[in-house]
Amino acid sequence: MKKVMSLAVVAALGLGFNGCSYKSGATDINKRFFKSTKDVKKQNYEELGTVSLVEDGWLFSSCDDMGRNSIQKLEQKAKSLGADAVVNVKWQGDQGIQTSYPQCHTAWGWVLLWPAWFIPGTSTSTVSGTMIKYQDK
């Protein structure tokens, strides 16, 4: 019984040192490729669909850097799919709330349960937008 109680205490401590949080970042979106709907309102375009990307990092990864990297990769992905621009860029935030600035979900803490001893936490940043292609006039 004493051994079972010891294992229960260790498991409770392991769960107590785990958790998740969101942190905000800042990034300068390239306005030549990423547009607001106001910017393209006067132009004829067709929507090509949604493009999204998940940027992975570690526990102490900078949310600013993750936001910058995710924007660069999102631009490359959209261009490879034939888009001329991306509108309505949003990051996935806490409880599914979407924001116009980088949000990074961090699973922090150290897993103290065997066999996963000392596995560090990770961060992810999920960004999406609507791809558009300009139509000839």
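Of the 137 residues in the chain, 31% count as buried. The model is a predicted one, and the chain in it carries three helices and seven strands. Read from start to end, these elements follow the pattern α-β-β-α-β-α-β-β-β-β. Contacts across the sequence matter for the picture that follows: among those with a separation of 6 or more, 78% link residues 24 or more positions apart.

Strand β4, residues 85–92, makes a handy starting point. One of its partners is β7, and the two run antiparallel over five bridges. Along this pairing, alanine 85 has isoleucine 132 of β7 as its bridge partner, while lysine 90 stands opposite serine 128. β4 also pairs with β2, this time in the parallel sense and over two bridges; here lysine 35 stands opposite valine 87. Then there is β5 (residues 98–99), joined to β4 by two bridges in an antiparallel arrangement. Glutamine 92 has glutamine 98 as its bridge partner in β5. Five residues sit between the strands of this β4 and β5 hairpin, and glutamine 95 takes a positive phi near 60° there.

β7 (residues 122–134) has another partner in β3 (residues 45–58), with 13 bridges joining the antiparallel pair. Glutamate 46 stands opposite lysine 133 in this pairing. Threonine 130 also belongs to β7, and its contacts reach both β3 and β4: beyond the residues up to four places away in sequence, threonine 130 touches Glu47, Gly49, Thr50, Ala85, Val86, Val87 and Asn88. Threonine 130 counts as buried because its relative accessible area is 15%, under the 20% cut-off.

Asparagine 88, one of those contacts of threonine 130, is a bit of an oddity in backbone terms. Asparagine 88 lies within strand β4, yet has a positive phi of about 55° despite not being a glycine. With a relative accessible area of 39%, asparagine 88 falls between the 20% and 50% limits and is therefore partly exposed.

Turning to the interior, the largest nonpolar core holds 14 residues, and Phe34, Ala78, Val86 and Val89 have the most contacts inside it. β3, α3 (63–80), β4 and β7 each supply at least two residues of this core. Phenylalanine 34 touches both Val86 and Val89, along with Ile29, Ile71, Leu74 and Glu75, leaving aside residues up to four places away in sequence.

Some of these residues turn up again around the largest pocket, which encloses about 190 Å³ of space. Its lining is made up of Ile29, Lys31, Phe34, Lys35, Ser36, Asn88, Val89, Lys90 and Ser100. Two or more of the lining residues come from each of β2 (34–35) and β4, and β4 gives the largest share, with three residues. By class the lining is evenly split, with three nonpolar, three polar and three charged residues. Phe34 and Val89 thus appear in two settings: both are among the residues with the most contacts inside the largest nonpolar core, and both line the largest pocket. Asn88, with its positive phi, and Lys90, the residue opposite serine 128, are also part of that lining.

How values were computed
Residues are numbered from 1 along each chain as its sequence is written. This is a predicted model: local features need pLDDT of at least 70, side-chain atom pairs count only at pLDDT 80 or more; totals for chains, interfaces and linings use all residues. Side-chain values use heavy atoms; hydrogens and water are left out. Helices (H or I, at least four residues) and strands (E, at least two) are DSSP runs, numbered from the N terminus. Buried means under 20% relative accessible area, exposed over 50%, partly exposed in between (1.4 Å probe, protein chains only). Two strands pair if DSSP finds at least two bridges between them. A nonpolar core is a set of buried Ala, Val, Leu, Ile, Met, Phe, Trp, Tyr and Cys residues joined through side-chain atoms within 4.5 Å. Contact means heavy atoms within 4.5 Å. On a 1 Å grid over the protein atoms alone, a cavity is a set of points where a 1.4 Å probe fits but cannot get out, and a pocket is an open set with protein on both sides within 12 Å along at least five of seven lines; lining residues have an atom within 4 Å of a point. Grid points are joined across faces, edges and corners, and a volume is the space filled by probe spheres set on the points. Ala, Val, Leu, Ile, Met, Phe, Trp, Tyr, Cys and Pro count as nonpolar, Asp, Glu, Lys and Arg as charged, and the others, Gly among them, as polar.
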